[in-house]
Number of protein chains: 2
Amino acid sequence: MKTETPIKTAFVEDDEVTRECLTLLIGGTDGYVCVGSFPSVEDALKQGFTATPDVLLLDIHLPGMLGSEAVRLFSEKYPRLQILMLTVYAEQDKIFESICNGACGYLLKKTPPARLLESIREAHEGGAPMTPEIARKVLRLFQKTARPEETDEKLTPHELRLLSLLAQGTSYRDAAEQFRVSINTIRYHIRNIYDKLHVHSKSEAVSKAIRLRLIS
Amino acid sequence: MKTETPIKTAFVEDDEVTRECLTLLIGGTDGYVCVGSFPSVEDALKQGFTATPDVLLLDIHLPGMLGSEAVRLFSEKYPRLQILMLTVYAEQDKIFESICNGACGYLLKKTPPARLLESIREAHEGGAPMTPEIARKVLRLFQKTARPEETDEKLTPHELRLLSLLAQGTSYRDAAEQFRVSINTIRYHIRNIYDKLHVHSKSEAVSKAIRLRLIS
DNA sequence: AAACTTACTGCATAAACGGGTAGTTTGGGT
DNA sequence: ACCCAAACTACCCGTTTATGCAGTAAGTTT
């Protein structure tokens, strides 16, 4: 039934036993093919893959360059590559770093083989496979970094656009030109913005606006 | 085998057919029990649940109060409640809103019943069930909002402290007083900051600093 | 029609800012 | 002792802001 081309998978994993297991698992399963298996990032880069991989499994704790750092490297080198982190512990900061660098999933090594294969496919098909604990941690991080904190008075769309300009360092004069209005109108709006945000300067307004997620 | 107490589940879902299906599914499955089933948030609040639910399935698009808004309400009323969003479309902003408000998962209605039951259990056990597309969207959002984006030149601790003051709207003069230095020294530092950040104004510096997560 | 809001414009002025140039002081290195 | 880089101080000057006061035109409300 599997007439589709197999998913080209590669690993970077320092533990030899695990690496062997993975190679066997992938090599022995229909629909998957192993195009590389290395004990370190450096080796992978030096020797190269036998074919451009679709999915890369990256261990976090590696001798030499860490997996969490290598994510960016690989994803820049192979833009269509999906990278899955594979590690023993669910460390908050490593998860964070990996995801920010562009990893698309994060699995624990205790993941059973069937689930692992499924996750590789899921990653290849645009999903973001994670173990439940990790998914929850990601959400927590997310909730922490992104809390709306409503303002008492809402800014108009116009005011928000102006605020964005200010955040970019635009002067009143330039903003006036962009909006095709007089500089005095800009002043007028700025005053309203300041009133609503209870601030008294551009920088304060910008910082408050960003914090309240009104802009950016 | 299921000697554990069943997972108390409730729904808010305006489509009557879907609601019936859910009630039947949950009611008819071992290990799950339905403690409420309402067509709107308002009804749920008015009538109350037959028991404090463990997991709540919330539709996004509801008549009256939207599910994405109700998340906070429910999670404040029942702090140990796990809330799963259940909807037809994966809308970026609704996902964002729901998660920020405290939802722990986000499923599409097309999710097959078996997977749905599994997700409820997963939510109850501290996981964060999401469909693959949604998981990927969450990661994307995450990458967008939290990108370190290294600066080419690092700011000194002193410069960072000054930058925080600027973000609060402090003037050069006041900053000088706080640091017990002359206003010219403040200027000196500001210039260095601007050079390092490649900006030309306070507001631009503040916005860049916040975005780069140098401050706040 | 009178009263009121909204968005906008104009002017004035003190204060704050940005950027150039230049001269101390200080604590390491070698 | 010498050099070097850093942190700091100083002055200048044109530009930009913050903010008060005042006025107009279009659209609502009553």
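How far does a polar side-chain atom of A:Tyr188 lie from a base nitrogen of DNA strand C? The distance is 3.5 Å, and we'll come back to that strand after a walk through the protein. A bit of housekeeping: this is a predicted model, in which local features need pLDDT of at least 70, side-chain atom pairs count only at pLDDT 80 or more, and totals for chains, interfaces and linings use all residues. Residues are numbered from 1 along each chain as its sequence is written, chains are lettered from A and ligands numbered from 1 in the order in which they are written, and side-chain values use heavy atoms, with hydrogens and water left out.

Let's start with chain B. Here you'll find an open sheet of five strands, in the order 2-1-3-4-5 and with parallel pairing. Strands (E, at least two residues) and helices (H or I, at least four) are DSSP runs numbered from the N terminus, and two strands pair if DSSP finds at least two bridges between them. Strand 2 (32-38) and strand 5 (105-108) of chain B sit at the edges, each pairing on one side only. From one strand to the next, the twist averages 25°; angles run from 0 to 180 degrees between N-to-C directions, with axes fitted as lines to C-alpha atoms, for helices over the stretch in contact. Helix 5 (residues 113-124) of chain B packs on this sheet and touches strands 1 (7-12), 2, 3, 4 and 5, its direction making about 150° with that of strand 4. Contact here means heavy atoms within 4.5 Å.

Zoom in on strand 3 (residues 55-59) and strand 4 (residues 82-87) of chain B: five bridges join them in the parallel sense. B:Leu58 has B:Met85 as its bridge partner.

B:Leu58 turns up again in the largest nonpolar core, which has 64 residues; A:Leu58, A:Phe74 and B:Phe74 join it among those with the most contacts inside. Such a core is a set of buried Ala, Val, Leu, Ile, Met, Phe, Trp, Tyr and Cys residues joined through side-chain atoms within 4.5 Å, buried being under 20% relative accessible area (1.4 Å probe, protein chains only). Apart from it lies another core, of 42 residues, including A:Val199 and B:Leu155.

Now back to DNA strand C, which 18 residues surround, B:Tyr172 and B:Lys202 being among the closest; near means a heavy atom within 4 Å. B:Arg173 has a side-chain N or O atom 2.6 Å from a phosphate oxygen, while a polar side-chain atom of B:Arg191 lies 2.7 Å from a base nitrogen. Helix 9 of chain A supplies the largest share of the surface near this strand, six residues.

Key. Buried < 20%, exposed > 50% of the residue type's maximum accessible area, 1.4 Å probe, protein only. Polar contact = N/O pair within 3.5 Å; in protein donor to acceptor, adjacent residues only side chain to side chain.
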